[in-house]
Amino acid sequence: MSLIDHVPSQSLIHTAKETMAEWRGYFFPMSMEAKIVWGILALVAIWGLAIFSFGVPALVFPMALIVPGIVLGLVLLTWGM
């Protein structure tokens with residue numbers, strides 16, 4: 001019997017995740033605003049890759065999904081007037 005037989009693999013994975021999260025905090029400290037900007041940039045980059053790969057349908061379908069949100073936002077903005 002070796003020492004590896006006594007250590008469950010789940011605890012090793014959990015420890016590795018904690019270690020990586022701690023290192024990420026040391027090497028890449030980011031504010032909430034920076035995380036939001038990176039998220040938006042990632043979405044725009046993925047959308048750009050989809051347009052490059054699939055053409056016009058990848059450009060049109062997300063716009064059709066965005067329109068109801070924009071209309072709702074305009075209604076909420078003008079509700080009090």
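Let me start at the residue just after helix H2, Gly 55, which takes a positive phi of about 85°. Please keep in mind throughout that what we have in front of us is a predicted model, and that the angle I just quoted is computed from that model's coordinates.

On the N-terminal side of that glycine is H2 itself, which has 23 residues and reaches 33 Å from its first C-alpha to its last, close to the 33 Å expected at 1.5 Å a residue. On the other side comes helix H3, residues 56-78, and here the same kind of check can be made: its 23 residues should span 33 Å at 1.5 Å a residue, and since its end C-alpha atoms are 33 Å apart, the two values agree. That end-to-end agreement should be read together with a local feature, namely that H3 bends by about 25° at Ile 66, with a proline, Pro 68, following within four residues.

Stepping back to the whole chain, the protein has three helices and zero strands, so that, read along the sequence, the pattern is simply α-α-α. Of its 81 residues, 1% count as buried, and the accessible surface comes to about 7600 Å², with 79% of that belonging to carbon and sulfur atoms.

Part of this surface deserves a slide of its own. A nonpolar patch is formed by Met 20, Trp 23, Tyr 26, Phe 27, Phe 28, Met 30, Val 37, Trp 38 and Leu 41, which together have about 1100 Å² of accessible area. Helices H1 and H2 each supply at least two residues of the patch, and the largest share, four residues, comes from H1. One of the patch residues, Met 20, lies in helix H1, and with a relative accessible area of 51% it counts as exposed, because the cut-off for that class is over 50%.

Finally, a word on confidence. The protein averages a pLDDT of 82, and 81% of the residues score at least 70. Among the elements, helix H2, residues 32-54, has the highest mean pLDDT, at 91, whereas helix H1, residues 9-27, has the lowest, at 73. Where pLDDT is low, the predicted coordinates should not be read in detail. I would therefore like us to keep that caution in view when we come back to H1, the helix with the lowest mean among the elements.

Terms used:
Residues numbered from 1 in each chain as written. Predicted model: local features only at pLDDT ≥ 70, side-chain atom pairs only at ≥ 80, totals over all residues. Heavy atoms only, no water. Buried < 20%, exposed > 50% of the residue type's maximum accessible area, 1.4 Å probe, protein only. Areas by Shrake-Rupley, 256 points an atom, 1.4 Å probe, with all protein chains shown as cover. pLDDT = per-residue confidence, 0-100. Patch = residues over 30% accessible without salt bridge, like charges linked within 9 Å, V, L, I, M, F, W, Y side chains within 5 Å. Salt bridge = Lys/Arg side-chain N within 4 Å of Asp/Glu carboxyl O. Expected span 1.5 Å × (residues − 1). Bend = angle between axes of the 7 residues up to and from the residue.
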